[in-house]
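Open the model in your viewer and keep the selection box handy. We will walk through it stop by stop, with a short look at what each selection shows.

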Amino acid sequence: MAPRVTAAPKTIGMWAWRKGDAMTDPSTPPALATALAYHQAWTSQNLDQAMTYIAEDITCDAPGAQISGAQAYRDFLGRFMTQLTGVQTVAAFGDDTTAVLFYYPHTANVSDAPTAECFTVAGGKITRSVLVFDRPSFAPPQR
C-alpha cells in the first residue's frame, strides 16, 4: 500500500510533504527527503534499503526502548516490519536537519494507532529518531 498523504500548506522555514515525488524534488529539504526515502523503504518491507539511510551511531528514543547503534536499530525495526500490513501517511514536515512524519501503521491487530517520528539528519543519514506511539494499541487483543 503506497503512503497516503493529507496535503498541508507550506510553512515558514519548513517544507510540507504533498503527494508526489517529494523524495526526488530538488526543492525538498535534505532532512525531509531522507526521512521520506527511509519511510518509503521500511514501509515497503525493504529493510536493507531503509538501513542505507541510518547512521552507524543512530540513537532512537521509543516507548519502552532506548536503542543505540545501527544493528540494534535494524533488529528493532525488523521485528516491527514483520507485523506491518500497510501504512497511511498523514503528514510530513522538514527542513535541512529535522523531519517529522505522522502516520498510521497497520498491523493485523490495529490500523488506527497514531504514530509520529522526529528525525535528526546529518550528511544524508538519520542520526536520531524520537518515536512516539501508543504501545498498548500494538499489543495482542485481550481475550
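How many disulfides does the structure hold? The structure holds zero disulfides. Keep in mind as you look around that this is a predicted model. Two cysteines are worth selecting at this point. Cys60 is buried, with a relative accessible area of 1%, whereas Cys118 is partly exposed at 29%.

**The whole chain**

Zoom out and colour by secondary structure. The protein chain has three helices and seven strands, and along the sequence they follow the pattern β-α-α-β-β-α-β-β-β-β. There are 143 residues in the protein chain, and 44% of them count as buried. Switch on a surface: the accessible area of the protein chain comes to about 7500 Å², with 55% of that belonging to carbon and sulfur atoms. For contacts between residues at least 6 apart in sequence, 48% join residues at least 24 apart.

Now colour by pLDDT. The average for the protein chain is 82, and 76% of the residues score at least 70. Select residues 1–19 next: here the pLDDT is below 50, although this stretch has 49 contacts in the model beyond near neighbours in sequence. Where pLDDT is low, the predicted coordinates should not be read in detail.

**The loop between two helices**

Select α1 (30–43) and α2 (47–51), then look at the loop between them, where you will find Gln45. What is the phi of Gln45, which is not a glycine? Gln45 has a positive phi of about 70 degrees. Is Gln45 buried or partly exposed? Its relative accessibility is 43%, so Gln45 counts as partly exposed.

**Strand β2 and its surroundings**

Move on to Ile54, which lies in strand β2. With a relative accessible area of 4%, Ile54 is buried. Which residues does Ile54 touch, leaving aside those up to four places away in sequence? They are Tyr38, Ala70, Tyr73, Lys125 and Ile126. Draw a distance from Ile54 to Ala70: the two are 16 residues apart in sequence, and 6.7 Å separates them in space, C-alpha to C-alpha.

Keep β2 (residues 54–62) on screen and add β7 (residues 125–133): these strands run parallel and are joined by four bridges. To see one pairing, go back to Cys60, whose bridge partner in β7 is Ser129.

**From β7 back to β4**

Hold on to β7 and add β6 (residues 115–122). This pair is antiparallel, with eight bridges. Within the pair, Val121 stands opposite Ile126 in β7. Ile126 is also one of the residues that Ile54 touches. Follow the backbone round the turn: β6 and β7 form a hairpin with two residues between them, and Gly123 in that turn has a positive phi of about 60 degrees.

Next, bring in β5. How many bridges join β5 to β6? There are six, and the two strands run antiparallel. Pick Phe102 to find its opposite number in β6, Ala116.

On the next stop, β4 joins β5 through nine bridges, again in the antiparallel sense. These two strands form a hairpin as well, with three residues between them. Across this pair, Ala92 stands opposite Leu101 in β5. While the strands are on display, remember that in a regular strand the side chains alternate between the two faces of the sheet.

**Two side chains to finish**

Select His106 in strand β5 (residues 98–107). Its relative accessibility is 15%, so His106 counts as buried. What does the side chain of His106 reach at 3.5 Å? The answer is the backbone oxygen of Tyr104. Now add Thr85: His106 and Thr85 are 21 residues apart along the chain, yet their C-alpha atoms are separated by 5.4 Å.

The last selection is Thr89, in strand β4 (residues 84–94). Thr89 is buried, with a relative accessible area of 0%. Show its side chain together with that of His39, and you will see a polar contact of 3.1 Å joining Thr89 and His39.

Terms used:
Residues are numbered from 1 along each chain as its sequence is written. This is a predicted model: local features need pLDDT of at least 70, side-chain atom pairs count only at pLDDT 80 or more; totals for chains, interfaces and linings use all residues. Side-chain values use heavy atoms; hydrogens and water are left out. Buried means under 20% relative accessible area, exposed over 50%, partly exposed in between (1.4 Å probe, protein chains only). A polar contact is a pair of N or O atoms within 3.5 Å; within protein, one must be able to donate a hydrogen and the other to accept it, and residues adjacent in sequence count only if both atoms are side-chain atoms. pLDDT is the predictor's confidence in each residue, from 0 to 100. Contact means heavy atoms within 4.5 Å. Two strands pair if DSSP finds at least two bridges between them. A disulfide is a pair of cysteine sulfur atoms within 2.5 Å. Accessible areas come from the Shrake-Rupley method with a 1.4 Å probe; for residues, only the protein chains shown count as cover.
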